[in-house]
Structure formats: C-alpha cells, structure tokens
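Trainee: I'd like to look closely at a single part of this structure and at whatever surrounds that part. Please take me through the picture slowly, as I'm new to this.

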Amino acid sequence: MNPSQAALAARYTAAPESQQVTDLASRIAWVVGLALVVALLYWLMREGWKWRAVLQSDLPELPQAPAGRGEPRLVMTGRYHGSTTAGQWLDRIVAHGLGTRSRAELTLTEQGVDVVRPGAASFFIPAGRLRGARLDKGIAGKVLTEDGLLVITWEHGGRLLDSGFRSDRSAEHTAWRDALRAMSAPEPAGTADDPHGTTDAAATTHHGAAPSRGTAPGNPEKGAR
C-alpha cells in the first residue's frame, strides 16, 4: 500500500468528529438581554406618550355630533392617521384619543364634519371651527404617497390642529378638500404654516411677518435712508 492509499484509508477509518456543542447558557442570556432591551424601549415610548398627554391636558374634551346634523353632503370611509399642531407634522396630539390611529367614517354636513371611529374616540368638527384643508403626504410620523392624505385644519381649545385622513378611494380627496375650503373660516393673521410635504402650498400659505418699520416692500434701500 503506497503512502497515498494509506492516508486515504486512515481518513475513512478515523473516528468522526463531533459537532460543536451549542452553549445553551449564552444563548439564553442573549435572548433574555434582547427581550429586556425591547421591553425598555416599549416602556420609554409608553412613558413619552403619557407625558405628552399630560402636557396636552389643557385641551378640552372633543366636541360631539349634534342631534340634527343635517343632510350629508359627502361621505368617506378610510383611516384616521392622527392629529398634530397645525403646520408641525411631527408635533403629535395624543390627548382624548387623538393620537390613536383607526378606521374612520367621515360625514360632511352643513353643521360640520362627523368623524366616527370604531374602537376609538369619535369626534365632531363644527363648521365654524374649520380653518382649511389640503392634500399632503405625511402627518404624525406617517408618510404616504403624493396627495395620499386629506388634512383638515380646525380650531379646538384655542389651538389650530391638523387631522389627517386617508380615504379608501383616494380620488375622493379633491372633492373633500374643495368642500371643506368653501366652508372654512379664514385663519387668524400671523399663523405660521409650513406643512411637511405639502403639495397644496398655494392654498395654505399664510402671510409672513410685516416689513420692519420704515422699510418699503420690494425696496429695502428706502427704509435705510
């Protein structure tokens, strides 16, 4: 038997190597550590949500639909994606359940907008508190397609709020926007509004600050003399 044959024979006759034994203790420790990190992140998010609700505790209870709402002008089914301070798409409003995303059915009448949310707090936007509407693509950490969101601006408790809705049939958004704008009262002068991702900027842009004293618009040199 030549050396190569001997080496081949030794290879097949050698005892099989045992597979490396899994370190069960370290595996368990790793899983437990990961679970603790996830639990800590969840707890921090929950505490942050509760603290935001405390900061917004001055917001009054949400208005409810009156007994006589009038004949429906428009009806929409879809999803409610949240509310923020108007023009600040990341400043989420969580008080009174406004931070909870849910299914929603909207009914527009001459009295206002009735928002019915199964499993969450329903509310009513009186016509006198409507301040505008636009098509957008993001609100409260939710980003959708271009013009994928109907944002209703309304006043509640001395604040201007943006509430975002997405219809099951996005083609309805334009009709809703136009109808809401026709019913909306003008916003107070000097209200800032720079919505993220707004594609209807011309309809929601507010007047900027007045020129400084002694400065003529379009000719800054006159004020310097």
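Mentor: Happy to! Let's start with the whole chain: about 13,900 Å² of it is exposed, and carbon and sulfur atoms supply 57% of that. Areas like this come from the Shrake-Rupley method with a 1.4 Å probe, and for residues only the protein chains shown count as cover. Keep in mind that this is a predicted model, in which local features need pLDDT of at least 70 and side-chain atom pairs count only at pLDDT 80 or more, while totals for chains, interfaces and linings use all residues. Residues are numbered from 1 along each chain as its sequence is written, and side-chain values use heavy atoms, with hydrogens and water left out.

The chain has five helices and 10 strands. These are DSSP runs numbered from the N terminus: helices are H or I with at least four residues, strands are E with at least two. Of the 225 residues, 33% count as buried. Here buried means under 20% relative accessible area, exposed means over 50%, and partly exposed lies in between (1.4 Å probe, protein chains only).

The part I'd pick is helix 3, residues 173-183. Which of its residues are buried? They are His173, Trp176, Arg177, Leu180 and Met183. Looking down the axis of helix 3, you find these buried residues within an arc of 135 degrees, so they line one face of the helix. That arc is taken from the directions that run from the helix axis to the C-beta atoms. Their cover includes strand 1, strand 3, strand 4, strand 6, strand 9 and strand 10.

Now go to the two ends. Just ahead of the helix, Glu172 sits in the loop between strand 10 and helix 3. Glu172 counts as buried because its relative accessible area is 18%. Leaving aside residues up to four places away in sequence, Glu172 touches Val75, Met76 and Ser167; contact means heavy atoms within 4.5 Å. At the other end is Met183, buried with a relative accessible area of 17%. With the same exclusion of residues up to four places away, Met183 touches Arg73, Leu108, Thr109, Glu110, Gly112, Ala127 and Leu130. Gly132 is 51 residues from Met183 in sequence, and their C-alpha atoms are 8.3 Å apart.

What are the covering strands like? Strand 3 (residues 102-109) has six of its eight residues buried, so it is largely enclosed by the rest of the structure. Strand 3 pairs with strand 1 (residues 74-85) in the antiparallel sense over seven bridges; two strands pair if DSSP finds at least two bridges between them. Val75, which we met beside Glu172, has Thr107 in strand 3 as its bridge partner. Strand 3 also runs antiparallel to strand 4 (residues 112-116), with five bridges between them, and a hairpin of two residues joins this pair. Leu108, a contact of Met183, is bridged to Val113 in strand 4.

Strand 9 (residues 149-156) is mostly covered too, with seven of its eight residues buried. Strand 6 (residues 130-136) runs antiparallel to strand 9 through six bridges, and Leu135 has Leu150 as its partner there. Strand 10 (residues 159-167) pairs with strand 9 antiparallel over seven bridges, with Thr153 opposite Asp162.

Finally, some charges. The structure holds eight salt bridges, each a side-chain nitrogen of Lys or Arg within 4 Å of a carboxyl oxygen of Asp or Glu. Among the strands, Arg134 and Asp162 meet in one of them at 3.2 Å, N to O. This pair links distant parts of the chain, 28 residues apart: Arg134 is in strand 6 and Asp162 in strand 10. Arg134 is buried, at 4% relative accessible area, and Asp162 is buried as well, at 2%. Back in our helix, the side chains of Asp178 and Arg177 form a salt bridge of 3.1 Å, N to O. Arg177 counts as buried because its relative accessibility is 13%, whereas Asp178 is partly exposed at 39%.
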